[in-house]
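Got your viewer open? Keep the selection tool handy and follow along, one stop at a time.

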Amino acid sequence: QGQDLGTRVVREVMESPFPTVDPNATIDHVTDLLQDSTAILVVTSDDTSAILTKADVVHAIAALAKEGL
């Protein structure tokens, strides 16, 4: 208490690691994971990564809904 945030180290303030999925994971699986996490790390076979957020899923659903109108 009373410690200056600027002097704290990252490990003291970071959240638990994001769940990881393969790019072929289903949206159903991803939405289940997003119930308990703010984002998901998508890892490819060549170890490149991307972050998928709740906002990304909402935008995708909105785009699909718009196409269906």
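Is Pro-17 buried or exposed? Select Pro-17 and show its surface: this residue is exposed, with a relative accessible area of 76%. You'll find Pro-17 in the segment before strand 1. Now pick Val-43 as well and draw a line between the two C-alpha atoms: Pro-17 and Val-43 are 26 residues apart along the chain, and those atoms are separated by 13 Å.

**Zoom out: the whole chain**

Before going further, remember that you're looking at a predicted model. Color by pLDDT if your viewer lets you. The protein chain averages a pLDDT of 88, and 94% of the residues score at least 70. Among the elements, strand 1 has the highest mean pLDDT, at 96, while helix 2 (residues 54-68) has the lowest, at 90.

Next, switch to a cartoon view. You should be able to pick out 2 helices and 3 strands. Walk along from the N terminus and the elements come up as β-α-β-β-α.

Now turn the chain around and look at its overall dimensions. The C-alpha trace spans about 55 × 30 × 20 Å along its principal axes. The radius of gyration is 16 Å, whereas a compact globule of 69 residues would have one near 11 Å. Of the 69 residues, 12% count as buried. Switch on the surface for the whole chain: the accessible part comes to about 5700 Å², and 56% of that belongs to carbon and sulfur atoms. As for contacts with a separation of 6 or more, 6% are between residues 24 or more positions apart.

**Select the strands**

In what order do the strands lie in the sheet? Select the 3 strands together: they form an open sheet in the order 1-2-3, with mixed pairing. Strand 1 (20-21) and strand 3 stand at the edges, and each has a single partner strand, so one side of each is left without a neighbour in the sheet.

Hide strand 1 for a moment and keep the other two. Strand 2 (residues 39-43) pairs with strand 3 (residues 49-53) in the antiparallel sense, over 5 bridges. You can check some matching positions yourself. Click Ile-40, and look across to its bridge partner in strand 3, Leu-52. Then click Leu-41, which stands opposite Ile-51 in strand 3.

**Follow the chain round the turn**

Which residue in the turn of the hairpin has a positive phi? Strand 2 and strand 3 form a hairpin with 5 residues between them, and the one to click in the turn is Asp-47. Its phi is near 65 degrees, a positive value in a residue other than glycine. That's worth a second look, because most residues other than glycine have a negative phi. Asp-47 sits in the loop between strand 2 and strand 3. Put the surface back on and you'll see that Asp-47 counts as exposed, at 64% relative accessibility.

**Last stop: the loop before strand 2**

Go back along the chain to the loop between helix 1 and strand 2, and select Gln-35. Gln-35 is exposed, with a relative accessible area of 62%. Add Pro-23 to the selection: the two residues are 12 apart along the chain, and their C-alpha atoms are separated by 19 Å.

Now move on to Ser-37, which is also in the loop between helix 1 (27-33) and strand 2. Is Ser-37 buried or exposed? Ser-37 counts as buried, because its relative accessibility is 12% and the cut-off for buried is under 20%.

What does Ser-37 touch? Leaving out residues up to four places away in sequence, Ser-37 touches Phe-18, Pro-19 and Lys-54. Show those three as sticks. Pro-19 is 18 residues from Ser-37 along the chain, and the C-alpha atoms of the two are separated by 7.6 Å. Finally, zoom in on the side chain of Ser-37: this side chain reaches the backbone oxygen of Ala-39 at 2.7 Å.

Conventions: Residues are numbered from 1 along each chain as its sequence is written. This is a predicted model: local features need pLDDT of at least 70, side-chain atom pairs count only at pLDDT 80 or more; totals for chains, interfaces and linings use all residues. Side-chain values use heavy atoms; hydrogens and water are left out. Two strands pair if DSSP finds at least two bridges between them. Helices (H or I, at least four residues) and strands (E, at least two) are DSSP runs, numbered from the N terminus. Buried means under 20% relative accessible area, exposed over 50%, partly exposed in between (1.4 Å probe, protein chains only). Contact means heavy atoms within 4.5 Å. A polar contact is a pair of N or O atoms within 3.5 Å; within protein, one must be able to donate a hydrogen and the other to accept it, and residues adjacent in sequence count only if both atoms are side-chain atoms. pLDDT is the predictor's confidence in each residue, from 0 to 100. The radius of gyration is taken over C-alpha atoms; the globule rule is 2.2 Å times the number of residues to the power 0.38. Accessible areas come from the Shrake-Rupley method with a 1.4 Å probe; for residues, only the protein chains shown count as cover.
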